[in-house]
Amino acid sequence: MSHYTLYKVNMKKNNVAIITIFDIDNYGNRLQNYAVQEILKKRGLYPITIKSEYFKNNFKYILWPMYKFLQIKYDIVFKKNLRRKRFIKFNRENISCSRIYYNSKYCPKFNYDYYVCGSDQIWNPYMNKMKNLDLLSYYDKEKCIALSASFGVSELKYNEKNILKENIDKFKCVSVREKSGVEIIRGVSKKNVELLLDPTMILSVKEWKKIEKKFENLPDKYIATYFLSEPTKEIRKNIIELSEKYKCEIVNIMDKNDIFYTAGPSEFLYIIRNSTFVFTDSFHATTFSILFNIPFFVVHRDYAKINLNNRILTILEKFKLQERFIKNFDLNMCHCDFTNANNILEDERKKFNIFLDKCFEVNNEK
């Protein structure tokens, strides 16, 4: 079903506006968006994702849709960008979204029964977030819900704390996905805030397999690597050592010169689920490795002054898998027992659903 058809369906009662980051080139972002949508749909709601960007002036806002259209067409036609094409196809096939982009600087006069912000780093000030639309500034407080929202950083500046303080109390229900997020909110408000899983882990493996797509030319045995920052020479050496010991090839999803870089979100799911090992510094590659029970190794990611490791450390601690965050690689760490993690996952899913019960009056979950 196309997103245009879903847009019309969403005009029924119990419609929900999802406010999140709409990043056409980011696996975790697209998959968390899909997860939130499906979670809400299972509860008898009709969700639609509001495409938004931050525009400092109206002139750029007016030109933005044409710019995005031309950029995408250029990438696909002239650069033969199959990766971009697969992302667009994923959105069209799986995400119900608005037809235009809205300026997150404002709160458009929508009329939805609920407004859900999250998941992903919807409140990360370094990504031009925490704007009026991101914080649902002008909507009815009984309709506003923060679902596993993320700041993406461990602390806020003084002015950012003031902005949060002005807005957070009006939310009906608030949940975040990192411990640091809980501490940030408690530092400016007495509002009750819950620590929940990322929505990608609420859907079952069976549900994810429904939208995954097989990637051709994959080796029989391989190590999937997905790094958002350049790995050190030591880490690259570790990966080679592991591949030689287990006779695995290396599939680098982020190497632009490799065919695997063309994977879309559906292909990404397939690559992770069928890998022998995963090496990553990505939050969502970590969540899917845990969900699919794939032995994985997480390495430190350092982006200037911004600490982006907190969210990964939170989830590793949650599932008692802290040893997967490697400092000194050891080939004896290849085995990973997920028995305890799977039991924790079931408990965390129950906690997530209890939170949703508080948020929505309708509850038609099957």
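User: What percentage of the 366 residues in the protein chain do buried residues make up, and what makes a residue count as buried?

Analyst: Buried residues account for 57% of the 366 residues in the protein chain, where buried means under 20% relative accessible area, exposed means over 50%, and partly exposed lies in between (1.4 Å probe, protein chains only). This is a predicted model, in which local features need pLDDT of at least 70 and side-chain atom pairs count only at pLDDT 80 or more, whereas totals for chains, interfaces and linings use all residues. Residues are numbered from 1 along each chain as its sequence is written, and side-chain values use heavy atoms, with hydrogens and water left out.

User: How do you know how confident the predictor is in the protein chain, and where does pLDDT stay under 50?

Analyst: The mean pLDDT (the predictor's confidence in each residue, from 0 to 100) is 88 for the protein chain, and 87% of its residues reach 70 or more. Over residues 1-10, however, pLDDT stays under 50, and the model has 24 contacts (heavy atoms within 4.5 Å) for them beyond four places in sequence. Where pLDDT is low, the predicted coordinates should not be read in detail.

User: How many helices and strands are there in the protein chain, and what makes a run of residues count as one or the other?

Analyst: The protein chain has twelve helices and twelve strands, both being DSSP runs numbered from the N terminus, with H or I over at least four residues for a helix and E over at least two for a strand. Of the contacts in the protein chain with a separation of 6 or more, 77% are accounted for by residues 24 or more positions apart.

User: How do you know whether the span of helix H4 agrees or disagrees with its 13 residues?

Analyst: The expected span is 1.5 Å times one less than the number of residues, so the 13 residues of H4 (residues 82-94) should span 18 Å, and the end C-alpha atoms are indeed 18 Å apart, which agrees. At the start of H4, a side-chain oxygen of asparagine 81 comes to within 3.2 Å of the backbone nitrogen of arginine 83.

User: Why can the buried residues of H4 be said to line one face of the helix?

Analyst: The buried residues of H4 are Arg83, Arg84, Phe87, Ile88, Phe90, Asn91 and Asn94. Seen down the axis of H4, these buried residues fall within an arc of 160 degrees (the arc of the directions from the helix axis to the C-beta atoms), so they line one face of the helix.

User: Why is alanine 263 called buried, and which residues does alanine 263 touch?

Analyst: The relative accessibility of alanine 263 is 0%, and therefore this residue counts as buried. Alanine 263 sits in the loop between strand S10 (249-252) and helix H9 (265-273), and, not counting residues up to four places away in sequence, touches Tyr27, Arg83, Arg86, Phe87, Phe215, Phe268 and Ile271. Its C-alpha atom is separated by 9.7 Å from that of lysine 85, although these two residues are 178 residues apart along the chain.

User: What makes a set of residues a nonpolar core, and which members of the largest one touch the most other members?

Analyst: A nonpolar core is a set of buried Ala, Val, Leu, Ile, Met, Phe, Trp, Tyr and Cys residues joined through side-chain atoms within 4.5 Å. The largest has 70 residues, of which Trp208, Phe268, Ile271, Phe288, Phe319, Leu321 and Phe360 touch the most other members. Apart from it lies another core, of 34 residues, including Tyr112, Ala149, Val182 and Val188.

User: Which elements do the buried residues of helix H6 pack against, and what covers those of H11?

Analyst: In H6 (residues 179-186), Ser180, Gly181, Val182, Ile184 and Ile185 are buried, and the buried residues of H6 pack against helix H5 (158-168), strand S7 (173-176), strand S8 (194-195) and helix H11 (310-318). For H11, the buried residues are Arg311, Ile312, Thr314, Ile315 and Leu316, and what covers them includes H6, S8, H10 and S12.

User: Why does leucine 136 count as buried, and why is asparagine 293 called partly exposed?

Analyst: Leucine 136, in the loop between S5 and S6, has 0% relative accessibility and therefore counts as buried. Asparagine 293, in the loop between helix H10 (283-291) and strand S12 (296-298), has 30% relative accessibility and so counts as partly exposed. Phi is positive in each, near 50 degrees for leucine 136 and near 60 degrees for asparagine 293.

Definitions and conventions: A polar contact is a pair of N or O atoms within 3.5 Å; within protein, one must be able to donate a hydrogen and the other to accept it, and residues adjacent in sequence count only if both atoms are side-chain atoms.
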